[in-house]
Structures are given as structure tokens and as C-alpha cells.
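Hi there,

Here is the model I promised to pass on. Please have a look at it first, and my notes come right after.

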Amino acid sequence: MNPPKTTNELMQRCQALAGLTLGQLARQLGAAVPANLKKDKGWAGQLIEQALGASSASKAEPDFPHLGIELKTLPIDQHGKPLESTYVCVAPLTGLTQQRWQDSWVCQKLSHVLWLPLLAERSIPVAERVIGTGFLWQPDAREMQLLQQDWEELMDLITLGGIDQIRGAHGQVLQLRPKAANSRALTSAYGTSGQPIKALPRGFYLKTAFTQQVLRKVFC
DNA sequence: ATTTGATCATGT
DNA sequence: ACATGATCAAAT
């Protein structure tokens, strides 16, 4: 699929997907549907990227560079409640330490998101899971402030060497969790005295309560 | 090893 | 029941 040239074109393609099951979409694209997502956790997201013409899979860029839009699927239950926290990006444990919030990876990624809800209760077979109505979102002033607050708190802990004290429970809307192949993976970080150490790579995630509010604003 | 896409599955 | 911590696959 070629990349959409305009936001309008992107949203039209998105509309065309609403109501389809993953099985129907996979058949259109000639893709096989896995029996479960245990070993294909990103399958649905990548299928939808392909359907919409996202051009930068596996690159550190927005999904639609020309439009500056990031695509995120959002697994929900039948009541519209997010089933999972939403992965945003990896956390820089070294390097860009004096970064301002406005320049941060998190802020840039979240500044323009195309959310695509996906009815994905685990009791529903993968092929029968239904694609919802996608919508464009930009954080309002209140949401932006909550995100910035949590980001600054977490970045302080990282730069002050508190990486191994950070747990998922930190932060109101944004949390820091492991993001690695397994718990033995290591990357560079700062220790409690500022010395270089090796630590488990982390990523930023949006908590479900936050994404639920985003959905409510749009559908209520 | 990193960054993309996330969901799994156990502990609380 | 739910969130936290752990994990899987592909591309680079």
C-alpha cells in the first residue's frame, strides 16, 4: 500500500477499515492469521500499518512521516475499556539528559496520534476481532500537563541514578516499565553515584485510565 | 543491541 | 481483577 498523501486520505482509508474483522482484513492483504498472539504480539498493529500504508515500520520515525502522525492500535473490551497500557517509546537512560519536555521523544510521539480501537477481548478468536473507528487525537492542555509532570519525575529518577528504583507504579498517566527481549537484556544507564552501569531497558507506557479518558472524550 | 509493533502471565 | 514485570518477532 502506498503512503497516504494527505490526512484526509489517511482518514478515508481508516474509515474503510472500521467494522472489518482482522480475519477479513488479513484475507484482503493475503496474510495468514495466527491462532493466538503469544508469538505474534505485534501482528494486528503491523497488519493495520500495512492496510493504511504506513511507510516507516521498524524505524524511529512517525508511521506517516509526511503527515507527522503516529498510528496506535488500542485493544478494548466491549464496553470500550482499554485492555492494556499503551507503549509509547523507549526511555533514554543515558545521553539526552538536559532535554526539555517539548523536545522529548514522548511529547513528539504523542503530539499527533491516530488511535484505532480494536475489540480484542482475549475470549474472541484473533480472526474475529473487530476494527473500530479510528480518530485523530492531540493532547489538550490538561492532558499535556499530566504527561509532562510524570515525564519530568521519571526523567529525574533516571538521571539521578534511580533507574533500579523505578517501578510501573510511578506516575499518574505515564509509567516506565521493562521493554526488552527478556529480563536479562542490558543497556547503559546511570548508577546512584552517577557512574555508568548496565540496566534493564525501559519504555514509556500510557496507563489504561488515561487512554480510557481519551476514548471517552471522543465517543461520549 | 535497538526500535518498531505490542500482549502475555504472574504477583499482589 | 488488575497492573506490573516479563516476554515475542521482525527489521535495522
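Below is what I found in it, starting with the conventions.

This is a predicted model, so to speak for local features I required pLDDT of at least 70, and side-chain atom pairs count only at pLDDT 80 or more, while totals for chains, interfaces and linings use all residues. Residues are numbered from 1 along each chain as its sequence is written, chains are lettered from A and ligands numbered from 1 in the order in which they are written, and side-chain values use heavy atoms, with hydrogens and water left out.

**The DNA side**

There are 25 residues around DNA strand B, and Glu70, Thr73, Lys179, Thr187 and Tyr205 come nearest; a residue is near a strand if one of its heavy atoms lies within 4 Å of it. By class, this surface has eleven charged, seven polar and seven nonpolar residues. Here Ala, Val, Leu, Ile, Met, Phe, Trp, Tyr, Cys and Pro count as nonpolar, Asp, Glu, Lys and Arg as charged, and the others, Gly among them, as polar. Helix H3 (43-52), strand E1 (70-76) and strand E2 (86-90) each supply at least two of its residues, with E1 giving the largest share, four residues. Helices (H or I, at least four residues) and strands (E, at least two) are DSSP runs, numbered from the N terminus.

Of the strand B atoms within 4 Å of the protein, 63% belong to sugar or phosphate and the rest to bases. Bases are reached by two side chains worth a look: an N or O atom of Tyr205 is 2.8 Å from a base nitrogen, and one of Glu84 is 3.0 Å from a base nitrogen. On the backbone of the DNA, a phosphate oxygen is 3.2 Å from an N or O atom in the side chain of Tyr87. For polar contacts the cut-off is a pair of N or O atoms within 3.5 Å; within protein, one must be able to donate a hydrogen and the other to accept it, and residues adjacent in sequence count only if both atoms are side-chain atoms.

**The interior**

The largest nonpolar core has 31 residues, of which Val106 and Phe204 touch the most other members. Helix H5 (residues 141-159) gives the most to this core, with five residues. A second, separate core of 25 residues includes Cys14, Ala44, Leu52 and Ala54. A nonpolar core is a set of buried Ala, Val, Leu, Ile, Met, Phe, Trp, Tyr and Cys residues joined through side-chain atoms within 4.5 Å. Buried means under 20% relative accessible area, exposed over 50%, and partly exposed in between (1.4 Å probe, protein chains only).

H3 is largely enclosed by the rest of the structure, because seven of its ten residues are buried: Trp43, Ala44, Leu47, Ile48, Glu49, Ala51 and Leu52. Their cover includes helix H1 (7-17), helix H2 (22-29), E1 and strand E3 (113-119), contact meaning heavy atoms within 4.5 Å. After H3 comes Gly53, with a positive phi near 85°.

**Arg202**

Arg202 lies in strand E9 (residues 202-206) and counts as buried, at 10% relative accessibility. A polar atom of its side chain lies 2.8 Å from the backbone oxygen of Leu200.

**Cysteines**

With a disulfide taken as a pair of cysteine sulfur atoms within 2.5 Å, the count is zero. For Cys14, the nearest cysteine sulfur, that of Cys220, is 19 Å away.

Best wishes
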